[in-house]
Amino acid sequence: MQTSLFADIVEKYFRLVIGKITEKFNGNKTEPVMLHKTMLKEEYSPDLQWGSTELNHSIVAADVVSLDSSLPLKKRGKMSNATGTIAKLGVKFRKGERQITNINILKARGVEENTVASKVFDDAPKAIRAIDVRNEIIFEQGLSTGIVLVTDAGDENSTNDGTGVRADFGYKDENKFKASVAPWGKSVARPLDDIRQMFDKASEDSNVINHVYITQKYFNYLRKSEQAKLLAATFAGQVITAKSLLPEPSRSAFLDALSDEFGATFHIVNSVFKVQNPDGTETPIRPWAEANIVGVPEEVVGRLVYGTLAEETNPVADVSYTKSGSYILVSKYSKTDPLEEFTAAQALCLPVIDGGDSIYLLTADETGDNALVVTNDDLVDGEIEVAKTASTVTLEVDYKGDADALSVESSESWATAKKADGKVIVKVAANSTTSARESVVSVTDGYNTVEVTVKQAANA
């Protein structure tokens, strides 16, 4: 390595430029939201170790095919305990001879020094942001699943062979829930009941949920559900004359209704980042497990544990260094044959989530072992319309538990309901009156209940 080809500019502007970039990233609201910036507090680790002392949870070894996989990180049957050094993150950007020549031409023509400096340092924001993005990906994967992948530390010449360690932050199985009736997005789903499972369990544990994190897609599923429409209408003081007339609440109005109902702040996560592949192409990554809804007691959920890089105490000759924040080391240097100028950023750091036993997780695209689903081709938003004449309605029942535990009943005598071979048969008598009428057919296992409203036309 050799000193920067623009040593005079680097010496004069390096610290100033990096300081301004850091200030912008930490304070500019137009920058992409980085949850780890507000939800983790920084903590220095003098021995560069992460393990049971830092994590206070089990850490297990694992082999991983791709660090940028969008698939959720799953536990394996058997893993051995492991500890190791804090993960080393690093990135560098290169200027080739053409770009170097263009900068030299600007200098030769007497272009204002600030303009030349902006060309010299134009890779610095990308390098710093790359470290932030990798930390955010690790953090969002960890918070949304309770498990995070951490790569082994290595130097810039090492190749990633897909190995690493998987850290389990101790989310308790009894604090993990699934949709009680049907996956969100289905007309029969009951998403508010599903969320209430988390809050009820937290109360039972003498814990509290003050913040809930949900992706945009599943927030929209929730907002469009019948339960959500009823909640928003009630919160707004609207008179409800028919469920079919309920409007879909606006984003802000529904967030207010949720906050009032549960006493917690709901946050919508919509992070997407572009990660560069080895061949130079970019892949969009959504690090949050999309169907997972997470409830936490406080906004600050853990620590960003960081250490001192070797180059901070043993700098390489002729390389210029400065710090961005507490833990990102930025360097400038050049090489010859071919002529190249580099901007690099590196850090020893790891997002760590604490208090896993007080974090609650709902997976909204899966149903539990005893999920109860009732369907019929003519069923719309929990209602089915029948003619004024006598008829029979068959409701298909999908239930993974003990079918003998199911019971059915009808609120009105003119509509009788009974179980038969995994179905519910509803026999409807003819309506001899001049008024339309309704009967609610309930299917329950004692915990989950599905209600179907049978609406019969009047005998006009």
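Two strands pair if DSSP finds at least two bridges between them. Keep that in your pocket for the first stop. Helices (H or I, at least four residues) and strands (E, at least two) are DSSP runs, numbered from the N terminus.

Before you click, note that this is a predicted model: local features need pLDDT of at least 70, side-chain atom pairs count only at pLDDT 80 or more, and totals for chains, interfaces and linings use all residues. Residues are numbered from 1 along each chain as its sequence is written, and side-chain values use heavy atoms, with hydrogens and water left out.

**The whole chain**

Show the cartoon. You're looking at 11 helices and 26 strands. Of the 460 residues, 45% count as buried (buried is under 20% relative accessible area, exposed over 50%, partly exposed in between, with a 1.4 Å probe and protein chains only). Take the contacts (heavy atoms within 4.5 Å) between residues at least 6 apart in sequence: 74% of them join residues at least 24 apart.

**Stop one: strand β13**

Select residues 292-296. This is β13, and five of its five residues are buried. Turn the strand around: Asn292, Val294 and Val296 are buried on one side, Ile293 and Gly295 on the other.

Now add residues 211-215, strand β9, which pairs with β13 in the antiparallel sense over three bridges. Look for His211, which stands opposite Val296. Then add residues 360-367, strand β18; four bridges join it to β13, again antiparallel. Here Val294 faces Leu361 in β18.

**Stop two: aromatic pairs**

A search of the whole structure finds 10 aromatic pairs. Rings of Phe, Tyr and Trp (its six-membered ring) pair if their centres lie within 6.5 Å; planes under 30 degrees apart count as stacked, over 60 as edge-to-face and the rest as tilted.

Which kind of pair do Phe14 and Phe121 make? Their ring centres are 5.7 Å apart and their planes at 10 degrees, so the pair is stacked. Zoom out a little: Phe14 is in helix α1 (residues 7-27), while Phe121 is in the loop between α5 (113-120) and α6 (124-145), 107 residues apart. Phe14 is buried at 4% relative accessibility, and Phe121 is buried at 3%.

Next, pick Phe262 and Phe266. With centres 5.9 Å apart and planes at 50 degrees, this pair is tilted. Phe262 counts as buried because its relative accessibility is 11%; Phe266 does too, at 8%.

For one more ring stop, select Tyr44, Tyr306 and Tyr327, which ring pairs link into a cluster.

**Stop three: charges over rings**

Try Lys92 and Phe342. The charged end of Lys92 sits over the ring, 5.1 Å from its centre. A charge sits over a ring if NZ of Lys or CZ of Arg is within 6 Å of the ring centre and within 35 degrees of the ring normal. Arg437 and Trp414 give you another example, with Arg437 over the ring face at 4.2 Å from the centre.

**Stop four: the nonpolar cores**

In soluble globular proteins, nonpolar side chains tend to be buried together. A nonpolar core is a set of buried Ala, Val, Leu, Ile, Met, Phe, Trp, Tyr and Cys residues joined through side-chain atoms within 4.5 Å.

How many residues does the largest nonpolar core have? The count is 58, and Ile9, Val120, Phe121, Phe139, Leu143 and Ile328 have the most contacts inside it. Strand β17 (residues 340-353) supplies the largest share of this core, nine residues. Click on Val120: leaving aside neighbours within four places in sequence, its contacts are Phe6, Ile9, Val10, Lys95, Ile103 and Lys332. A second, separate core has 28 residues, including Trp184, Ile195, Ala202 and Tyr360.

**Last stop: two Asp residues with positive phi**

Most residues other than glycine have a negative phi. Select Asp318, in the loop between α11 (310-313) and β15 (320-324). Asp318 is not a glycine, yet it has a positive phi of about 75 degrees.

Then go to Asp421, in the loop between β23 (415-420) and β24 (423-428). Those strands pair in the antiparallel sense over six bridges, and Ala415 has Val428 as its bridge partner in β24. The hairpin has two residues between the strands, and Asp421 takes a positive phi near 55 degrees there. Is Asp421 buried or exposed? Asp421 counts as exposed, at 77% relative accessibility.
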